[in-house]
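Here is a short report on a single protein chain. Look at the fold first, then at the packing and the backbone details.

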Amino acid sequence: MRQIISRYIKAPLSFRLSALQLSASRLLAFSPKNLSLFIGRMLAGSVLATACAQAATVSVSNYPLHLLSNEVTKGTPAATRLLQPGDVGHHGSLSPSDIKTIQNSEFVVWFGEPLERNLAATLTSAPNAISLLDFKAFKRYPIRDVRAMPINNKLDKNSLDPHIWMDPTNAKAIVRALGVIHTHANPQYKARYQANVADFEKRFDQAVQVAKQRRQIPKPARQYWAYHDAFQYLEPALEIRLAGTLTTDHHLPPKASQFRWLQQHRPNPTMCLAAQGPVATGITKKLAPVKVTIQLEDMSSADDFVSAWSQMANGLLDCIAS
C-alpha cells in the first residue's frame, strides 16, 4: 500500500487523475499488516452486504489532517476526526468511543508516532492504520535545537521535524495520498475526489504565490523567534529563517540561559516571536523589543486548509515586517 501511494503522490497531476482508480484498486494487494483485516471482513460478509450502500468510514487523527481530508471529500461524507482541535497528538488522547471508531473504520490515517506519541499504543498495531510519516515521499527536515541548529541524527526517525503539512509540496502530496485512500474506501465518489484534488492544488498554488509576492522584506530582517520550533516547513516558501526558540516544547518553561542567548544573538532590533498562544508579560519583557504573533500549529483557527495556511503565512510575514 505504501509503495502505491508513494508513486502516486509524486506523479504529475494529469497522470494522477487518470491513475486514481487503478491506484485505488491495486491497494487490494494485501500486505501482512492488513491481511488480518481482510480476513475479518470476509468473516463479516453478511454485515458488509447490508452496509455496502453506505459510505465506508475513513478516520483521521488530528485537525490539520482533517482539513486536508476535507479538501478531498467536499460534497461527500467527511472523514471522522479523532482528536480535538489543539490536540495535534503530542498531548491529546483517545477516548473509549474513539477506540470504537478506529475499530469500525475502513482506514485510519495518522501522521505517526514522532508527532502523535499518545496515539501510538493504539494505532501502531491497528491493522487498518496508515502512518503518513512512514512514507518516503515527503520533504523532511531535521529537528532543530533552541539555537536553530539541526540535530543531525538521520538514523533516528524521531530526529526529523514532523510538521510536514505546512510545506506546500507536502500538503499537496498528502491530499493526493488521501485521494487514493478515500477512493479505495468509497469508489462511488471517485469522480468527485478527482475533481476536488485538482481544485485544491489550483487554489493552494494560487495562495502560495500570493504569499511569495509579499516577500519584500530585506534579507537580513527575515529572521524570527519561535516559542518552540513548529514553523520550519513554512520557511522556504516565505524565505524566512528561525533565529532561535525559547524552548523545545511550548508546554515547557524557557530557561534563563536561553533568554540571555537570544538577547545576545538577536539579528534585528525588534524581533517577531511566533507562539501557540498568549505569551506572559514577564517573557516579553525579557525579550523586548519584541512583537508576538499567535499561530496555531494545528491550524484550528480556520475551517479550510488553504485559508489556514494563508493566515499563518500572512501572520508571520506581518509580524516579521513590522
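In what order do the four strands of the open sheet lie, and is the pairing parallel or antiparallel? The order is β2-β1-β3-β4, and the pairing is parallel. The model is predicted.

**The chain as a whole**

The chain has 13 helices and eight strands. Of its 322 residues, 50% are buried. Among contacts with a separation of 6 or more, 62% join residues 24 or more positions apart. The accessible surface is about 14900 Å². Carbon and sulfur atoms supply 55% of that surface.

**The open sheet**

Strands of a sheet pair through backbone hydrogen bonds, in a parallel or an antiparallel sense. Here the edges are β2 (80-81) and β4, each pairing on one side only. Helix α5 (residues 63-73) packs on the sheet and touches β1, β2 and β3. The direction of α5 makes about 140° with that of β1.

Strand β1 (residues 58-60) pairs with β3 in the parallel sense, over three bridges. Strand β4 (residues 129-131) also pairs with β3 in the parallel sense, over three bridges. Individual residues show the register. Ser 59 stands opposite Val 108 of β3. Val 60 has Val 109 of β3 as its bridge partner. Towards β4, Val 109 stands opposite Ile 130.

Which residues of β3 point one way, and which the other? Phe 107 and Val 109 point one way from β3 (residues 107-110). Val 108 and Trp 110 point the other way. All four are buried. In a regular strand, side chains alternate between the two faces of the sheet.

**Helix packing around α9**

Two packed helices are described by the angle between their axes and by the distance between those axes. Helix α9 (residues 190-212) takes part in a packing with α8 (residues 168-185). Helix α9 also packs with α13.

The axes of α8 and α9 come within 10 Å and cross at roughly 175°. The two helices are therefore roughly antiparallel. On the α8 side, the contact is made by Pro 168, Ala 171, Lys 172, Val 175, Arg 176, His 182 and Thr 183. On the α9 side, Lys 190, Tyr 193, Val 197, Phe 200, Glu 201, Phe 204, Asp 205 and Val 208 take part. By class, this contact has eight nonpolar, two polar and five charged residues.

The axes of α9 and α13 also come within 10 Å, but cross at roughly 10°. These helices are therefore roughly parallel. From α9 come Phe 200, Arg 203, Phe 204, Ala 207, Val 208 and Ala 211. From α13 come Phe 305, Val 306, Trp 309, Ser 310, Ala 313 and Leu 317. By class, the contact of α9 with α13 has ten nonpolar, one polar and one charged residues. Phe 200, Phe 204 and Val 208 of α9 appear in the contact with α8 and in the contact with α13.

**Loop residues**

Where is Ala 302 found? Ala 302 is in the loop between β8 (290-294) and α13 (305-321). Is Ala 302 buried or exposed? Its relative accessible area is 5%, so Ala 302 counts as buried. Leaving aside neighbours within four places in sequence, Ala 302 contacts Tyr 63, Leu 67, Ser 307, Ala 308 and Gln 311. Ala 302 and Leu 67 are 235 residues apart along the chain, yet their C-alpha atoms are separated by 9.0 Å.

The peptide bond from Ala 288 to Pro 289 is cis, with omega near 0°. Pro 289 is in the loop between α12 (281-287) and β8.

Which residues other than glycine have a positive phi? Ala 148 and Glu 239 are listed here.

| Residue | Phi | Loop | Relative accessibility |
|---|---|---|---|
| Ala 148 | about 65° | between β4 and α8 | 14%, buried |
| Glu 239 | near 55° | between α10 (235-238) and β6 (241-245) | 33%, partly exposed |

Ala 148 counts as buried because its relative accessibility is 14%, under the 20% cut-off. Glu 239, at 33%, counts as partly exposed.

Methods: Residues are numbered from 1 along each chain as its sequence is written. This is a predicted model: local features need pLDDT of at least 70, side-chain atom pairs count only at pLDDT 80 or more; totals for chains, interfaces and linings use all residues. Side-chain values use heavy atoms; hydrogens and water are left out. Axes are lines fitted to C-alpha atoms, for helices over the stretch in contact, and angles run from 0 to 180 degrees between N-to-C directions. Angles under 35 degrees count as roughly parallel, over 145 as roughly antiparallel, 65 to 115 as roughly perpendicular and the rest as oblique. Contact means heavy atoms within 4.5 Å. Ala, Val, Leu, Ile, Met, Phe, Trp, Tyr, Cys and Pro count as nonpolar, Asp, Glu, Lys and Arg as charged, and the others, Gly among them, as polar. Buried means under 20% relative accessible area, exposed over 50%, partly exposed in between (1.4 Å probe, protein chains only). Two strands pair if DSSP finds at least two bridges between them. Accessible areas come from the Shrake-Rupley method with a 1.4 Å probe; for residues, only the protein chains shown count as cover.
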